[in-house]
Amino acid sequence: MLTPKTFYLDTMGCQMNVLDSELVSGMLCSCGYEAVRDIQSADIVLVNTCSVRDHAEEKAYSRLGQLKSIKSRRPRLIVGVIGCMAQRDPKGILAKADHVDLLCGPSQLDHIPAMLDEVAAGRSPVISVSSEQSRLLDPARRSLEALDSLEELDRSRIPLPGQSVLQRYVRVQRGCDQFCTFCVVPFTRGPERSRDPRRIVEEAKILADRGAKEITLLGQTVNSYSYLEMGRRTGLADLLARINDVSGVERIRFVTSYPGDFSDNLFYAMCDLPKVCEYLHIPAQSGSNEVLKRMRRDYSVESYIDLMHRAREIVPEIQLAGDFIVGFCGEIEDDFERTVALVETVRYKNIFCFKYSPRPGTAADRHQADDVPTAVKRRRNSQLLKVQEQIAARENQRMIGRSVEVLVEGYSKAAVKAQQAEQSRGHEVGWRRSDQLVGRTRGDHIVVFNGDRSLIGRLIGVRVVSATALTLHAVPDAAIEHGTTAASTPQR
Ligand code: SAH
Ligand code: F3S
């Protein structure tokens with residue numbers, strides 16, 4: 001068999017997966033493989049999967065189905081499943097999809113080049129997942145040995161297609177120790193481990209040198225970041241201060257925070273450190289203490305609300321985002337009403353709302369009945385989203401007339417669509433001097449406005465003139481000029 005040379009990486013799921021794919025892509029490129037944007041011309045297709053809800057797994061299976069038919073025409077195609085699904089159930093995947101050649105869990109991604117060599121040598125399927133034992137007994141060794149070699153390759157990091165060079169992710173933590181009863185993440189990504197702050201800062205510097213303006217620190221419970229070096233503990237607030245000193249970085253965010261044990265220090269960091277954005281993603285999951293208990297979330301609704309009050313008291317401009325699960329085991333209408341009340345009290349900028357999906361192996365799946373009918377889950381989901389939409393529409397109206405700083409990310413979706421329509425009619429597309437651009441505020445509001453494309457990659461001031469629940473419309477505000485340099489290539 002000829003050595004395969006080109007690969008296509010399909011990424012599903014969360015920001016952590018986007019980052020993992022970026023690392024895998026960089027690693028494969030530095031091993032001599034070439035990334036292609038078209039599945040049909042790829043020798044290798046890797047699907048980076050998500051296990052957090054059943055729907056995500058179904059999506060991966062449907063992609064594997066498509067790959068099966070491609071492979072029937074091109075038997076040399078190598079198909080790999082990487083990420084959380086591969087870790088959760090490698091045998092189950094092989095039983096349903098016997099054309100899969102490679103299965104690799106999220107903690108072994110650095111094994112992929114060697115695994116591909118094995119497949120090329122005719123051994124298939126090749127499986128690498130972390131064993132229960134290695135996860136429980138030796139988490140530190142795993143992270144140091146296996147994953148640091150991958151991190152070395154951060155130097156070859158380039159954004160995936162569709163991702164911007166302006167906004168980059170940096171992992172500060174792996175895994176999670178929280179074991180919320182509904183969640184598969186501690187099983188697929190292993191125990192919580194915080195990365196060395198020196199490496200994190202180094203990575204931020206490299207990314208800034210390559211044009212990054214905004215760095216988002218990623219962790220499952222990012223506020224519990226903690227690293228001991230020579231007897232000194234570095235917490236998230238200290239880490240933020242260190243990244244705040246990295247020149248070129250203009251904005252810093254961190255996601256996702258866990259409401260238990262949340263230190264006010266982080267609010268003070270938002271006030272004191274100019275680059276740390278006034279934005280907090282802090283999932284509540286439910287507004288009912290009974291449900292929170294069954295979810296094993298170790299805070300109460302009252303302490304969560306109190307935390308949100310302190311957030312607004314200390315950081316008046318703060319924008320809040322939350323996650324909610326509706327239809328969790330035993331959730332009755334009264335519990336749901338409490339969730340609605342919580343959403344109304346907190347006035348989030350936005351929420352992510354999910355219908356409970358039992359995950360094999362989790363405590364909830366083993367010990368609690370998934371007893372809320374699908375139709376009820378669906379109704380609660382759309383009801384909660386409707387409530388949030390009204391709140392967001394109202395809150396966004398209050399932004400009208402205000403001047404805000406935006407990081408200009410590129411052309412708006414409408415502008416891109418118009419361009420594509422022109423192209424499909426065979427017209428040559430030259431951008432008009434003033435076209436619709438899109439950017440984000442420090443609080444993560446999406447803002448569209450007309451402006452010259454030279455603004456892309458810059459921090460500028462705009463004045464909000466109208467608003468919907470999802471988008472602010474603005475005009476450039478000549479009175480405010482932020483930032484200094486423009487990135488020359490915002491998109492790849
Ligand atoms: N701390 C992590 C949580 C990962 S899962 C982070 O946000 O980065 C992301 C969200 O998916 C959770 O906050 C939760 O709202 C939702 N979720 C997790 N497991 C779920 C399940 N079994 N069913 C439905 N939603 C789930
Ligand atoms: Fe999942 Fe809870 Fe951790 S939602 S990622 S177990 S904080």
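Here are two short exercises on a predicted model, each with a worked solution. Local features need pLDDT of at least 70 and side-chain atom pairs count only at pLDDT 80 or more, while totals for chains, interfaces and linings use all residues.

**Exercise 1.** Work out which residues come nearest to ligand 1 and what polar contacts it has.

*Solution.*
- Start with the shell, where a residue is near if one of its heavy atoms lies within 4 Å. Of 13 residues around ligand 1, the nearest are Arg 53, Gln 220, Gln 285, Asp 323 and Ser 357.
- Next, look for polar contacts (a pair of N or O atoms within 3.5 Å). A nitrogen atom of ligand 1 sits 2.7 Å from a backbone N or O atom of Gln 220. The side chain of Gln 285 puts an N or O atom 2.7 Å from a ligand oxygen. A polar backbone atom of Ser 357 is 2.8 Å from a ligand nitrogen.
- Now check burial, using Shrake-Rupley areas with a 1.4 Å probe. Ligand 1 taken alone exposes 540 Å², and the protein buries 86% of that.

**Exercise 2.** Lay out the open sheet of three strands and find the helices that pack on it.

*Solution.*
- Strands here are DSSP runs of E with at least two residues, and helices are runs of H or I with at least four. Two strands pair if DSSP finds at least two bridges between them.
- The order is S7-S10-S13, with parallel pairing. S7 (167-171) and S13 (251-255) are the edge strands.
- S10 (214-218) and S13 pair over five bridges, and Ile 215 stands opposite Ile 252 in S13.
- Finally, add helices by contact (heavy atoms within 4.5 Å). H1 (15-30) touches S7, S10 and S13, while H9 (197-209) touches S7 and S10.

Definitions and conventions:
Residues are numbered from 1 along each chain as its sequence is written. Chains are lettered from A and ligands numbered from 1 in the order in which they are written. Side-chain values use heavy atoms; hydrogens and water are left out. A polar contact is a pair of N or O atoms within 3.5 Å; within protein, one must be able to donate a hydrogen and the other to accept it, and residues adjacent in sequence count only if both atoms are side-chain atoms. Axes are lines fitted to C-alpha atoms, for helices over the stretch in contact, and angles run from 0 to 180 degrees between N-to-C directions.
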